[in-house]
Structure formats: structure tokens, C-alpha cells
Amino acid sequence: MTNYWKGASLALLSALLMGGGLHLEVGNPAANAEAKALGAIAVSRVTACSRPGESTVTASAVRVKNGTIERTPLKVVPLSIPGIFAIVGRVEGPAAIEMSVQNPEYEDYRPRLLVRVGAAGIEWSSLKRFYDGPVKPEEIRATLGS
């Protein structure tokens, strides 16, 4: 193995051991009394981050209206446990909830997710994750079936 590959391998191993990763999870607020008391429609949790409490989560209701994608910001409330957030607002289907997380330790890396909301509420099985930039309009349309 050349010195270049040894150095690259060590750098990669160090990054994996030290850096963890930035990941956003989303779930039903029924399992969290604090979120439930706020009337949350979802709970998000930042994981695998050495400083989850310093993360910023954003959420929007997304729908297609007259061929245009419209985003309505939802309220994001940090809960008492660092890195856990209540998503508060009203989203009536057909729509989707788009969330993203940002953390100062990870600079421009901003994982996102998209989950469909139908007549019966959030359709958890429709959840899609995005790690390489903003959610593209075609992904939103595909999720909404429009």
C-alpha cells in the first residue's frame, strides 16, 4: 500500500471514529408527553451528533397548488431533552412535511426528509431521506402523487 493510501485510510478512519454523523429521525408524538401537550403533529430527533442540542431543525408543510410548490413553515419547538423537537402546526392532506437539520459542527451538511400526509394523517411508510442537497421538486411531486 502506498503512503498516499495509508494516509487516506487513516484520515477516513479518524473521521468515522470522531465525527459520527448527523441524522434526523421523525416519529409519532403520542410517545412523548411533552410533545403531546404542545399538540405536536410529529417529533424529530437529531442523532449521532456530539452536540445535538446545538442543532436547528426546520419543518414546512409542502403541497402542490396550481402546479406550483408551496411551503408553509411549521413551528419547531425544542423539548427538554437536547436534540429532540416538537413539530407543531396543522397539515391537511394531500401534502407532505419536509424537515431538515443543521448543526454547527457539520457546516454545510444538512440532511432532509419528506413524509406524505394523507386524509388519515402522516403516512409513515412514505418517508424519504435526502443527504445531497435540497429536496427536488420532482421528489415532492412524486411523494404527493401529482
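Select T143 to start; in this predicted model T143 sits in helix α3, which covers residues 137–144. Is T143 buried or exposed? T143 is buried, because its relative accessible area is 9% and buried means under 20%.

Keep T143 selected and add E139. A polar atom of the T143 side chain lies 2.9 Å from the backbone oxygen of E139. Then show L114, R116 and K128: T143 is in contact with these three residues, leaving aside its neighbours within four places in sequence.

Next, go to A59. A59 belongs to strand β3, residues 56–65. A59 counts as buried, because its relative accessibility is 5%. Which residues does A59 touch, not counting those up to four places away in sequence? Colour T72, P73, L74, V76, I87, E98 and M99 to see them. Now select V88 as well and draw a distance between the C-alpha atoms of A59 and V88. The separation is 9.1 Å, and the two residues are 29 residues apart along the chain.

The next stops are salt bridges. Side chains of opposite charge can pair when their charged atoms come close. How many salt bridges does a search of the whole structure find? The search finds seven, and the tour visits some of them.

Select R45 and E25. These residues form a salt bridge, with the closest N and O atoms 2.7 Å apart. The pair links distant parts of the chain: R45 is in strand β2 (residues 40–47) and E25 is in strand β1 (residues 23–27), 20 residues apart. R45 is partly exposed, with a relative accessible area of 39%. E25 also counts as partly exposed, at 26% relative accessibility.

Move on to E105 and R51. Their side chains meet in a salt bridge, 3.4 Å from N to O. This pair, too, links distant parts of the chain, with the two positions 54 residues apart: E105 is in the loop between β7 (95–102) and β8 (112–118), and R51 is in the loop between β2 and β3. E105 counts as partly exposed at 30% relative accessibility, and R51 counts as partly exposed at 34%. Add E54 to the selection: R51, E54 and E105 are linked in a network of salt bridges.

Finish with R90 and E92. The closest N and O atoms in this salt bridge are 2.7 Å apart. Is R90 buried or exposed? R90 is exposed, because its relative accessible area is 68% and exposed means over 50%. E92 counts as partly exposed, at 44% relative accessibility.

How values were computed: Residues numbered from 1 in each chain as written. Predicted model: local features only at pLDDT ≥ 70, side-chain atom pairs only at ≥ 80, totals over all residues. Heavy atoms only, no water. Helix = DSSP H or I, 4+ residues; strand = E, 2+ residues; numbered from the N terminus. Buried < 20%, exposed > 50% of the residue type's maximum accessible area, 1.4 Å probe, protein only. Polar contact = N/O pair within 3.5 Å; in protein donor to acceptor, adjacent residues only side chain to side chain. Contact = heavy atoms within 4.5 Å. Salt bridge = Lys/Arg side-chain N within 4 Å of Asp/Glu carboxyl O.
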